[in-house]
Amino acid sequence: LNQVTGWDPVVRTMNSNDQVTNFSGKTGAGLLQRFSDGSTIPSANRYKLYDTAATQEPYGSRLEITRQTLLYRDFQGVFNESSDLIKSVRASLSRAGAQIFNRGFTDGSGVTGGVRVVQYGDGAPTFSASHPRSDGGTAQSNTSTTSIPLTEVNVETARVQVLNQLQDDGVPMLAPGEIYLVVGINNEKTAMIITGSDKRSGTGNNDTNIYAGGYMKVMSSSWLDLGISGSGVGNNTQWFVVAPGWAKLAIVISKGPDLEFLKDKDTKSGLFDVILDLAVCSYDWRGTWGSLGDNSAYTG
């Protein structure tokens, strides 16, 4: 199903046989320390990261078709209930991936636009100015407290902040690989101009555009725009930078989608069901950066 969510590779699609999927992690062993020949080799520390527990919940839908409709309707090829339900699964999974971002500025786990999103267990929103470190070091930020808008200059600010993210022992991350600029449709044109222009966009000089040629890819979705995912969900100005090699955003599927045809014993109507067990989560914040993009003060 990872090919149908529309979010691969920014959001991983995983399969699990457990009702609760538990995520944890650790830092590496830090850096090597110089020491004198003949002396004891210096000890290293590894720090456990915060835990995240994502519980599978059932999502489903039913189409009920009366007995006579099934027997006598025209255009049989058009009214394909199983095909329609599979399309519903695909649309729902696409919406589920978007809600990780739409809820990313809200504190705590909860339901956004019909999807429960479980956030990383450090007690901060996915996009926060104060992610605690398990070694007790200085908290880290992956957001803008002034909600900087999507511009070429601000994309560079976000890129640098992503690449400078640290592990919880203060050691820099290594080799992020590809970088994605994730936006709603309202910001798609601006994002494409920033990343695709031969020269730096919005400037009068001939400086090279470092984002061109595939260095930074654009991923856009209408689910991120205001009101598409549900009333009050989304934001027409929000934008995100994601390094999939580091990011830990996930759609976890344990069962399904299961399609089933039943017949109502009283009415003889046909019941076409689809159901799957699903969890949506972020189990670390690193490799991500987000801004509300509207120049507002943000204290998350």
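Select Asp168 and Arg286 to begin. Their side chains are joined by a polar contact of 2.8 Å. Keep in mind that you are looking at a predicted model.

**Stop 1: Asp168**

Stay on Asp168. Asp168 sits in the loop between helix H3 (152–163) and strand E7 (179–183). Is Asp168 buried or exposed? Asp168 counts as buried, because its relative accessibility is 1% and the cut-off for buried is under 20%.

Now show Ser134. The side chain of Asp168 reaches the backbone nitrogen of Ser134 at 3.0 Å.

Next, select the neighbours of Asp168. Setting aside residues within four places in sequence, Asp168 is in contact with Thr27, Leu49, Tyr50, Pro132, Arg133, Ser134, Asp135, Gln140 and Arg286.

Try a distance too. Pick the C-alpha atoms of Asp168 and Ser231. These two residues are 63 residues apart along the chain, and their C-alpha atoms are separated by 37 Å.

**Stop 2: Gln165**

Move to Gln165. Gln165 also has its place in the loop between H3 and E7. Gln165 is buried because its relative accessible area is 1%, and buried means under 20%.

Which backbone nitrogen lies 2.7 Å from a polar atom of the side chain of Gln165? Select Gly287: the nitrogen belongs to that residue.

Then bring up the contacts of Gln165. Not counting residues up to four places away in sequence, Gln165 touches Gln140, Asn142, Pro172, Met173, Trp246, Trp285, Arg286, Gly287 and Thr288. Look for Arg286 and Gln140 here. Both are among the contacts of Gln165, and both are among the contacts of Asp168.

**Stop 3: Ser147**

Select Ser147. Ser147 is found in the loop between E6 and H3. Ser147 is buried because its relative accessible area is 0%, where buried means under 20%.

What does Ser147 contact, leaving aside neighbours within four places in sequence? Show Ser291, Leu292, Gly293, Asp294, Asn295, Ser296 and Tyr298.

**Stop 4: the largest pocket**

Turn to open spaces. The largest pocket holds about 230 Å³ of space. It is lined by 17 residues, and Lys26, Leu49, Lys248, Asp284 and Arg286 are the closest to its centre. Select those five residues to find the place. You have met Arg286 before, joined to Asp168 by a polar contact.

Now colour the lining by residue type. You should find 7 nonpolar, 5 polar and 5 charged residues.

**Stop 5: the second largest pocket**

The second largest pocket has a volume of about 150 Å³. Select Tyr59, Gly60, Ser88, Ser92 and Leu276, which lie nearest its centre among the 13 lining residues. E4, helix H2 (81–102) and E11 each give two or more residues to this lining.

Which element has the largest share? The answer is H2, with 5 residues. Colouring by type gives 8 nonpolar, 4 polar and 1 charged.

**Stop 6: the cavity**

How many cavities of 30 Å³ or more does a search of the whole structure find? The search finds 1. The volume of this largest cavity is about 30 Å³.

Select its lining: Thr55, Glu57, Tyr59, Arg116, Val118, Leu278, Ala279 and Val280. Strand E4 (57–65), strand E6 (115–118) and strand E11 (270–282) each supply at least two of these residues. E11 has the largest share, with 3 residues. By type, the lining divides into 5 nonpolar, 1 polar and 2 charged.

Tyr59 is worth a second look. Tyr59 lines this cavity, and Tyr59 is also one of the residues nearest the centre of the second largest pocket.

**Stop 7: the nonpolar cores**

Finish in the interior. The largest nonpolar core has 34 residues. Select Trp7, Val10, Val11, Phe101, Val182 and Leu278, which have the most contacts inside it. Elements giving two or more residues to this core are E4, H2, E6, E7, strand E9 (239–242), strand E10 (249–263) and E11. H2 gives the most, with 7 residues.

Zoom in on Trp7. Not counting residues up to four places away in sequence, Trp7 touches Leu93, Ser94, Gly97, Ala98, Phe101, Val182, Met219, Ser221 and Leu224.

Apart from the largest core lies another core, of 18 residues. Select Leu150, Val162, Met173 and Ile194, which are among them. Met173 links back to an earlier stop: Met173 is one of the residues that Gln165 touches.

Definitions and conventions: Residues are numbered from 1 along each chain as its sequence is written. This is a predicted model: local features need pLDDT of at least 70, side-chain atom pairs count only at pLDDT 80 or more; totals for chains, interfaces and linings use all residues. Side-chain values use heavy atoms; hydrogens and water are left out. Helices (H or I, at least four residues) and strands (E, at least two) are DSSP runs, numbered from the N terminus. Buried means under 20% relative accessible area, exposed over 50%, partly exposed in between (1.4 Å probe, protein chains only). A polar contact is a pair of N or O atoms within 3.5 Å; within protein, one must be able to donate a hydrogen and the other to accept it, and residues adjacent in sequence count only if both atoms are side-chain atoms. Contact means heavy atoms within 4.5 Å. On a 1 Å grid over the protein atoms alone, a cavity is a set of points where a 1.4 Å probe fits but cannot get out, and a pocket is an open set with protein on both sides within 12 Å along at least five of seven lines; lining residues have an atom within 4 Å of a point. Grid points are joined across faces, edges and corners, and a volume is the space filled by probe spheres set on the points. Ala, Val, Leu, Ile, Met, Phe, Trp, Tyr, Cys and Pro count as nonpolar, Asp, Glu, Lys and Arg as charged, and the others, Gly among them, as polar. A nonpolar core is a set of buried Ala, Val, Leu, Ile, Met, Phe, Trp, Tyr and Cys residues joined through side-chain atoms within 4.5 Å.
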